[in-house]
Amino acid sequence: MPAPGHAGVVRIGSNLRRPATLSEARGPDAAFWNVAGAARGNAVPSDGQITKLKLKGIAVRSKRRGAPRPRTEFHFQVLHPNGDGSVSVSLSTNPMHLPAGGNPNHVSSYRPRGYLCVKRGDYVDFNDEGGFVPGYYPNGVPYKVSASNPRVVTNVFSEDNGTNIGAIFTGSARQGEELLLQAVLATGRNASPVCGRR
C-alpha cells in the first residue's frame, strides 16, 4: 500500500471473486461495509481520492404478479471512524443504480461525480434506500450484493433517514458475509488537490 503523500493507485475492498449469493432486504435506509477479512483490505490505507468503484450484484425483482420494478438507486459513502466504535457519514456520492434483476454476478462500474475524498482509516459503504412497497417488497428490496465468506465481517446499520451525511451510527457485525464492493484509491499526485494531496 502506498504511504501518504506518495503517488499511487490501489484497489481496496473485495476482490469480487466470490459469487453474489446473499441478499439483504431492509425497509429503511441501510449501510453495509466490510470491517475485517476483505482480500484487498477493509479500511482506506492512505489519504486520497476514490476515483472508481465496482459492485457485484443486483436489485432482486419481486416474483409476485404485477410487481413494480425494484428500487435500484443507492449511494456509496465515506464513513469516518470516531474511536468509540461508531462511524460518521462524511461524504456521499451522487445516486447510482444497480441492475434490476438479471445475472447476480454482474459487476457494475461507477465513477462518482465530484470528489470522493477519504482519510486513512475511513471505510467505503454501500448505502441503499430500502425500497419498501406494500405487498411486493414488504421488507424492502432484496439487494443481492454479498457473498458467503467465513473470513469476512460486514457491519450493517439500518434506520429511516438515519444514513445521511453527518449521521453517526454503530454497525452490527455480520460474520461470514462479504460485501462485494471494490474501490480504486488514488493517492499523492494521482489524487485531486481538492482531496489534500501532498
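**Figure 1. Surroundings of Asn94 in the predicted model.** Leaving aside neighbours within four places in sequence, Asn94 is in contact with Phe74, His75, Pro112 and Arg113. The coordinates belong to a predicted model. Asn94 sits in the loop that runs between strand E7 (87-92) and strand E8 (96-97). The relative accessibility of Asn94 is 14%, so the residue counts as buried, the cut-off being under 20%. Arg113, one of the contacts of Asn94, also takes part in a polar contact: the side chain of Asn94 reaches the backbone nitrogen of Arg113 at 2.9 Å.

**Figure 2. Ser108 in strand E9.** Strand E9 covers residues 107-110 and includes Ser108. Ser108 counts as buried because its relative accessibility is 9%. When residues up to four places away in sequence are not counted, Ser108 touches Leu53, Lys54, Leu55 and Pro99. The side chain of Ser108 is joined to the side chain of His106 by a polar contact of 3.5 Å. Leu181 is 73 residues from Ser108 along the chain, and the C-alpha atoms of these two residues are separated by 9.9 Å.

**Figure 3. The disulfide of Cys117 and Cys195.** The structure holds 1 disulfide. Its partners are Cys117 and Cys195, with their sulfur atoms 2.1 Å apart. The link is left-handed, with -75° about the S-S bond. Cys117 belongs to strand E10 (residues 116-118) and Cys195 to the segment after strand E15 (181-187), so the disulfide ties together parts that are 78 residues apart in sequence. Cys195 has a relative accessibility of 7% and therefore counts as buried.

**Figure 4. The largest nonpolar core and the contacts of Leu98.** The largest nonpolar core has 28 residues. Ile50, Leu55, Phe74, Phe76, Leu98 and Phe126 have the most contacts inside this core. Two or more residues each come from strand E1 (8-13), strand E3 (30-36), strand E4 (48-56), strand E6 (73-81), E10, strand E11 (123-128), strand E12 (142-158) and E15. Leu98 touches Leu55, Gly57, Ile58, Ala59, Thr72, Phe74, Tyr110, Phe126, Tyr143 and Val145, with residues up to four places away in sequence not counted. Another core lies apart from the largest one and has 9 residues, among them Trp33, Val87, Val89 and Ala167. Two residues from the earlier views return here: Leu55 is touched by Ser108, and Phe74 is in contact with Asn94.

**Figure 5. The whole chain, as context for the close-ups.** The secondary structure consists of 0 helices and 15 strands. The C-alpha atoms fill a box of roughly 55 × 30 × 30 Å along the principal axes. A compact globule of 198 residues would have a radius of gyration near 16 Å, and the chain agrees with this because its own value is 16 Å. Of the 198 residues in the chain, 49% are buried. Among contacts with a separation of 6 or more, 82% are accounted for by residues 24 or more positions apart. The accessible surface comes to about 9100 Å², and carbon and sulfur atoms hold 47% of that area.

Technical notes. Residues numbered from 1 in each chain as written. Predicted model: local features only at pLDDT ≥ 70, side-chain atom pairs only at ≥ 80, totals over all residues. Heavy atoms only, no water. Helix = DSSP H or I, 4+ residues; strand = E, 2+ residues; numbered from the N terminus. Buried < 20%, exposed > 50% of the residue type's maximum accessible area, 1.4 Å probe, protein only. Contact = heavy atoms within 4.5 Å. Polar contact = N/O pair within 3.5 Å; in protein donor to acceptor, adjacent residues only side chain to side chain. Disulfide = S-S within 2.5 Å. Core = buried A, V, L, I, M, F, W, Y, C linked by side-chain atoms within 4.5 Å. Rg over C-alpha atoms; globule rule 2.2 N^0.38 Å. Areas by Shrake-Rupley, 256 points an atom, 1.4 Å probe, with all protein chains shown as cover.
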